[in-house]
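Visitor: Before we begin, could you walk me through this model, taking one part at a time and giving your reasoning as you go?

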Amino acid sequence: MNNNNSFELNLFESFKEGDETAFTYFYDKYFRRITAFSVQFIYDQEEAENLAQEAFLHLWQSRENVGSVNGIPSFLYTYAKSKCLNMIRHNKVKDKFKSDILNQKERELDIEILNSVQFDTLELTELERLIHEYINDLPPKTREVFIKKRFEDKKNAEIAEEMQVTLKAVEAHMTKALKILKTKLSDYLFFIFILICNN
């Protein structure tokens with residue numbers, strides 16, 4: 001265990017016991033991340049900051065229920081997602097398309113997480129094995145587009161030229177790949193997000 005992990009584990013134990021200094025450490029580490037995560041979906045910096053404050057208050061009040069140091073960001077992101085969706089529901093309550101908009105925003109929240117993942121930088125874990133297994137199970141052309149985009153960092157136009165397909169076809173394959181991966185990895189999305197933030 002490296003010194004940083006040991007340091008955070010000690011702080012986590014202090015946080016669980018009600019140490020406000022330990023709480024402040026995690027607040028300083030994650031507040032801006034929770035705010036940035038929220039603002040891209042509710043489009044209001046002040047509201048996003050208020051939401052982040054509320055998330056940390058709830059974390060403090062529920063600290064005895066947090067099982068590990070990695071449970072802190074998981075708790076915060078889960079709470080933020082729930083609150084973002086509630087705000088979208090509230091803001092669209094008079095809109096006859098509110099259900100469609102809500103579902104779209106929820107998809108965007110999850111797809112944003114998958115789009116942020118650099119699969120080749122994850123540590124060798126069971127999660128990494130599952131991700132590569134699911135990538136290998138994609139339909140051949142969809143898998144080829146996905147690998148060129150995510151692993152080789154190629155632009156859509158480059159991929160289209162190499163594969164002799166249209167830009168729309170490339171986009172369709174990427175959408176299909178992300179949809180399949182999102183479904184198969186639905187139970188792991190917030191764990192993946194935690195890994196991203198900790199890298």
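Visitor: Leaving aside neighbours within four places in sequence, which residues is Phe15 in contact with?

Guide: This is a predicted model, and the contacts in question are those that remain once neighbours within four places in sequence are set aside. On that basis, Phe15 touches Ala22, Phe23, Phe26, Leu59, Trp60, Arg63 and Ile72.

Visitor: Which helix supplies the largest share of the largest nonpolar core?

Guide: That core has 28 residues, and Phe15, Phe26, Phe56, Leu59, Ile72 and Leu76 are those with the most contacts inside it. At least two of its residues come from each of α1 (3–16), α2 (20–42), α3 and α4 (71–91). The largest share, ten residues, is supplied by α2.

Visitor: How many residues are in the other core that lies apart from it?

Guide: The other core lies apart from the one just described, and among its members are Tyr134, Ile159, Ala160 and Met174. Its number of residues is 15.

Visitor: Which residue caps the N-terminal end of α3?

Guide: Helix α3 covers residues 45–61 and reaches 24 Å from its first C-alpha to its last, close to the 24 Å expected. Its buried residues are Ala48, Leu51, Ala52, Ala55, Phe56, Leu59 and Trp60. At the N-terminal end, a side-chain oxygen lies 3.1 Å from the backbone nitrogen of Glu46, and the residue that provides this oxygen is Asp44.

Visitor: How far apart in space are Lys149 and Ile159, C-alpha to C-alpha?

Guide: Lys149 is found in helix α7 (residues 140–150) and is partly exposed, with a relative accessible area of 25%. Leaving aside neighbours within four places in sequence, its contacts are Lys154, Asn156, Ile159 and Met174. Although Lys149 and Ile159 are ten residues apart in sequence, their C-alpha to C-alpha distance is 7.6 Å.

Visitor: Why are the buried residues of α9 placed on the same side, and what arc do they cover?

Guide: Helix α9 (residues 167–184) has 18 residues and reaches 26 Å from its first C-alpha to its last, and its buried residues are Val170, Met174, Ala177, Leu178 and Leu181. In general, an α-helix has 3.6 residues a turn, so residues three or four places apart point the same way. The buried residues lie on the same side of α9 because the arc they cover around the axis is only 95°.

Visitor: Which residues are exposed on the other side of α9?

Guide: Being exposed requires a relative accessible area over 50%. On the side of α9 opposite the buried residues, those that are exposed are Lys168, Thr175, Lys179 and Thr183.

Methods: Residues numbered from 1 in each chain as written. Predicted model: local features only at pLDDT ≥ 70, side-chain atom pairs only at ≥ 80, totals over all residues. Heavy atoms only, no water. Helix = DSSP H or I, 4+ residues; strand = E, 2+ residues; numbered from the N terminus. Expected span 1.5 Å × (residues − 1). Buried < 20%, exposed > 50% of the residue type's maximum accessible area, 1.4 Å probe, protein only. Arc of directions from axis to C-beta. Contact = heavy atoms within 4.5 Å. Polar contact = N/O pair within 3.5 Å; in protein donor to acceptor, adjacent residues only side chain to side chain. Core = buried A, V, L, I, M, F, W, Y, C linked by side-chain atoms within 4.5 Å.
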